[in-house]
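Open the model in your viewer and keep the selection panel at hand. This tour goes from one stop to the next, saying what to select and what you will find there.

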Amino acid sequence: MKKGFFASLLGAFVFMGLVACSSEVASISDEEVASVPVEVTFTGFDVSVLPDAPKKVRSRATADDAGVTRIALKAFEVPSGKEVFSTVKSKGTDGEDFNSVTCHLPIGGYTFVAVAHRAKTTESLAANIISATEATISEKTLPKEVYATIVDNVLVDNNTAKGVTINFGKRVTSSFHLNITDAFPCNVKKLKIVLNPLHDVASA
């Protein structure tokens, strides 16, 4: 009888200890994952090489001025590289919020990766950001308006709202106008020009 009592008492202490430990772990965990609102603004598009761009905003244009209609954004934890936030923006469906987004991140350091482009069709998707160094665009041909940038060492270090500005800079694609002035031989009915045929043109 006494042996059974001590066994029950020991079991009770073990149970109380587990409850206490669980409570303590939960408290620490809640503190570690406390999220901080981060307001991300998309701007700084350099449209100086686009002839139809507004003259007053050649190097510090908004997404509207640059003519982009899709924006993809991801945040990766530093130094693990773990993806912690992902979103896409589509012009016309996100309304006034197209040039910004709010995300909630735990306290820590992050790398932000953003890709913006002008969609070819209304069904076109935003870029798929695979990692901090790779992204793909699912268009049949690569648009001339493609911008991509990385913002390193973003530190979220307290429980107050933080602002992050994504300055895209110059576009990462180039284009040219081909004007053939030579007369075609009479037996030429169709001409096809292929540039870089061994590479997926929709990859960045």
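Which residues form one aromatic cluster? Select Phe42, Phe45, Tyr147 and Phe168, and you have the cluster on screen. Bear in mind throughout that you are looking at a predicted model.

**Stop 1: the aromatic rings**

Aromatic pairs number 3 in a search of the whole structure. Begin with Phe45 and Tyr147, an edge-to-face pair whose centres are 4.9 Å apart, with 90° between the planes. Colour by strand and you will see that this pair links distant parts of the chain: Phe45 belongs to strand 1 and Tyr147 to strand 8, 102 residues apart. Are these two rings buried or exposed? Phe45 is buried, and Tyr147 is buried as well.

Keep Phe45 selected and add Phe168. These two rings are stacked, at 4.5 Å centre to centre and with 15° between the planes. Here too distant parts of the chain are linked, with Phe45 in strand 1 and Phe168 in strand 9, 123 residues apart. Phe168 is buried, like Phe45.

**Stop 2: the sheet 4-1-9**

Now show the cartoon and select strands 4, 1 and 9. In that order, these 3 strands form an open sheet with mixed pairing. Strand 4 (100-106) and strand 9 are its edge strands, each pairing on one side only. From one strand to the next, the twist averages 30°.

Zoom in on strand 1 (residues 35-46) and strand 4, which pair in the antiparallel sense over 7 bridges. For a landmark, pick Glu39: its bridge partner in strand 4 is Thr102.

**Stop 3: the sheet 3-2-5-8**

Next, select strands 3, 2, 5 and 8. In this order the 4 strands make an open sheet, and the pairing is antiparallel. Which strands stand at the edges? They are strand 3 (83-90) and strand 8 (146-156); each has a single partner strand, so one side of each is left without a neighbour in the sheet. The twist in this sheet averages 15° from one strand to the next.

Look more closely at strand 2 (residues 70-78) and strand 3, where 7 bridges join the two in the antiparallel sense. Click on Leu73 and then on Thr87 to see one bridge pairing, with Thr87 being the partner in strand 3.

**Stop 4: the salt bridges**

Switch on the side chains of the charged residues. How many salt bridges does a search of the whole structure find? The search finds 2.

Select Lys74 and Glu83 for one of them: the closest N and O atoms are 3.1 Å apart. Lys74 is buried, with a relative accessible area of 11%, whereas Glu83 is partly exposed at 38%.

Then move to Arg118 and Glu145, another salt bridge, with 3.6 Å between the closest N and O atoms. Arg118 sits in the loop between strand 5 and strand 6, and Glu145 in the loop between strand 7 and strand 8, so the pair ties together parts that are 27 residues apart in sequence. Arg118 has a relative accessible area of 34% and is partly exposed, while Glu145, at 5%, is buried.

**Stop 5: a loop and a hairpin**

Stay with the loop between strand 5 (108-117) and strand 6, and select Lys120 there. Its relative accessibility is 48%, so Lys120 counts as partly exposed. Add Thr141 and check the C-alpha atoms: Lys120 and Thr141 are 8.5 Å apart in space, though 21 residues apart in sequence.

From here, select strand 6 and strand 7, which form a hairpin with 2 residues between them. Strand 6 (residues 128-131) and strand 7 (residues 134-136) run antiparallel and are joined by 3 bridges. To get your bearings, click on Asn128, which stands opposite Thr136 in strand 7.

**Stop 6: a nonpolar patch**

For the last stop, turn on the surface. Which residues make a nonpolar surface patch of about 540 Å²? Select Leu178, Ile180, Phe184, Val188, Leu191 and Ile193 to colour the patch. Leu178 can be found in the segment after strand 9 (162-170), the strand that also holds Phe168 from the opening stop.

Methods:
Residues numbered from 1 in each chain as written. Predicted model: local features only at pLDDT ≥ 70, side-chain atom pairs only at ≥ 80, totals over all residues. Heavy atoms only, no water. Pairing = 2+ DSSP bridges. Axes fitted to C-alpha atoms, helices over the stretch in contact; angles between N-to-C directions. Patch = residues over 30% accessible without salt bridge, like charges linked within 9 Å, V, L, I, M, F, W, Y side chains within 5 Å. Areas by Shrake-Rupley, 256 points an atom, 1.4 Å probe, with all protein chains shown as cover. Salt bridge = Lys/Arg side-chain N within 4 Å of Asp/Glu carboxyl O. Phe/Tyr/Trp six-rings, centres within 6.5 Å; stacked < 30°, edge-to-face > 60°. Buried < 20%, exposed > 50% of the residue type's maximum accessible area, 1.4 Å probe, protein only.
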